Amino acid sequence: MNNKLKIDLVEESQQNSFPKNQWFVVALSKELKDDFIARKVLNIPMILFRDPQGKVTALEDRCCHRGMPLSSGHLENGQIRCGYHGLLYNATGQCVEVPGQDKVPNKAKVKNYHVIEKQGLIWFWYSFEYETPNSEVPDYPYHEHEDYLYDGDVYHYDTPYQLIHDNLMDLSHLAYVHLKTIGGNAKIHMNAEMKVTQGDNQVVVKRHMLASDPPPTYSMAYPFQAKVDRWQEIDFRVSHIRIWTGAIDTGTDSLDNPERNGFNMRGFHAITPETENTCHYFWTMSTNPQHDRERIAKVVIEQTRLTFDEDKVVIEAQFKNLKQFEHKEMVGIHIDVGLVRARRIIADLI
Ligand code: FES
Ligand SMILES: [Fe+2]
């Protein structure tokens with residue numbers, strides 16, 4: 001970890017009800033090309049761009065002169081010029097030029113947040129206490145694994161971030177929401193054997209569905225013989241969720257073998273609050289086609305996109321209705337175990 005990095009902590013006044021001392025995803029690397037991104041995360045408006053060496057930087061989206069959003073301006077060789085009176089800031093947030101004035105006031109600078117780019121993801125250290133992060137940036141090897149190809153996208157949701165956690169922690173909804181893509185037989189889904197284990201700020205849900213029919217996406221991507229043994233392993237980690245799903249021809253390997261072959265889909269889901277009632281959903285899908293790799297990966301990723309579009313419709317409709325029936329209770333059922341534990345972890349952290 002680089003201790004020498006000069007970073008600014010999030011201000012006390014920006015404290016809010018999100019889990020602190022966490023690495024949150026604020027962008028996908030592919031989003032940051034020649035221009036900046038203005039994005040509010042965890043109630044903090046920031047502007048992200050690359051310095052002249054290509055390193056990602058995140059500054060508070062507020063000019064220190066008269067408070068204009070820096071994102072109203074434009075980039076000049078890896079520096080940002082305010083769109084109001086032209087103050088120019090370098091990637092550390094220091095003002096380096098005041099048009100028409102020789103001396104730049106010492107205090108002319110803006111906050112520089114701690115971001116690190118790794119494996120195609122841009123992570124932001126969200127803390128009020130620790131300038132030096134007290135945990136490593138998460139490692140996500142499937143973005144650089146030779147057997148896997150991946151792509152992804154960013155969705156903006158008009159819902160609280162935890163409704164997306166709820167959805168991902170409970171994959172029984174596949175049988176009802178995603179019938180056309182990765183779904184399958186409702187009875188098998190709802191009756192799948194499920195094991196839930198808990199670690200330090202982590203919940204793992206494993207579901208095995210033996211001798212099922214391969215769903216449409218699977219059959220398209222992999223030459224299954226007939227019935228398949230399917231698995232879904234959900235690994236919840238506060239700022240993101242890893243979901244490993246896949247199938248092998250029935251009986252050809254144990255679903256407890258971590259090296260098992262077959263068709264694999266490794267979903268990465270980082271859900272970063274924007275505000276209390278809105279969020280950013282960064283997702284990628286990594287898959288391991290055996291033949292015609294580029295084409296099949298592309299199809300799998302497009303199918304994934306369709307399923308996530310289906311989820312968005314459901315979750316936004318759910319939130320709209322929750323607001324209409326604000327005072328009504330929700331009744332728990334057996335499939336809620338994972339989401340209840342994930343919510344408990346977040347509640348304990350806040
Ligand atoms: S408000 Fe940015 S230069 Fe004046
Ligand atoms: Fe879904």
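**E97 counts as partly exposed, at 31% relative accessibility, and pairs with R81.** The terms used here are buried for under 20% relative accessible area, exposed for over 50% and partly exposed in between, computed with a 1.4 Å probe on protein chains only. This is a predicted model, in which local features need pLDDT of at least 70 and side-chain atom pairs count only at pLDDT 80 or more, while totals for chains, interfaces and linings use all residues. Residues are numbered from 1 along each chain as its sequence is written, chains are lettered from A and ligands numbered from 1 in the order in which they are written, and side-chain values use heavy atoms, with hydrogens and water left out. R81 and E97 meet through their side chains in a salt bridge with an N to O distance of 3.4 Å, where a salt bridge is a side-chain nitrogen of Lys or Arg within 4 Å of a carboxyl oxygen of Asp or Glu. This pair links distant parts of the chain, 16 residues apart, with R81 in strand 6 (residues 79–81) and E97 in strand 8 (residues 95–97). Helices (H or I, at least four residues) and strands (E, at least two) are DSSP runs numbered from the N terminus. R81, in contrast to its partner, is buried, with a relative accessible area of 14%.

**Further salt bridges join D235 to R237 and D292 to R295.** The structure holds 14 salt bridges. In the pair of D235 and R237, the N to O distance is 2.7 Å; D235 is buried at a relative accessible area of 14%, whereas R237 is partly exposed at 28%. The closest N and O atoms of D292 and R295 are 2.6 Å apart, and here D292 is partly exposed at 42% relative accessibility, as is R295 at 46%. Salt bridges that share partners also join E76, R81 and E97 into one network.

**Domain 1 (12–126) meets domain 2 (144–349).** The domain bounds come from an automatic or database domain assignment, and the centres of the two domains, taken over C-alpha atoms, are separated by 33 Å. Their contact, meaning heavy atoms within 4.5 Å, takes 22 residues from domain 1 and 24 from domain 2. About 1800 Å² is buried between the domains, 63% of it given by carbon and sulfur atoms; buried area is the accessible area (1.4 Å probe) that two parts lose on being put together, summed over both. Across this interface the rule finds 1 salt bridge.

**On the side of domain 1 that touches domain 2, strand 1 (22–28), strand 2 (37–41) and strand 11 (121–126) each give two or more residues.** Strand 1 gives the most, with 7 residues. By class, the residues of this side divide into 12 nonpolar, 6 polar and 4 charged.

**T245 lies in strand 16 (residues 240–249).** At 11% relative accessibility T245 counts as buried. Apart from neighbours within four places in sequence, the residues in contact with T245 are L171, Y218, W231, Q232, F263, N264 and M265.

**Helix 1 (residues 161–169) is mostly covered.** Of its 9 residues, 9 are buried, among them Y161, H165, D166 and M169.

Notes: Nonpolar A, V, L, I, M, F, W, Y, C, P; charged D, E, K, R; others polar.
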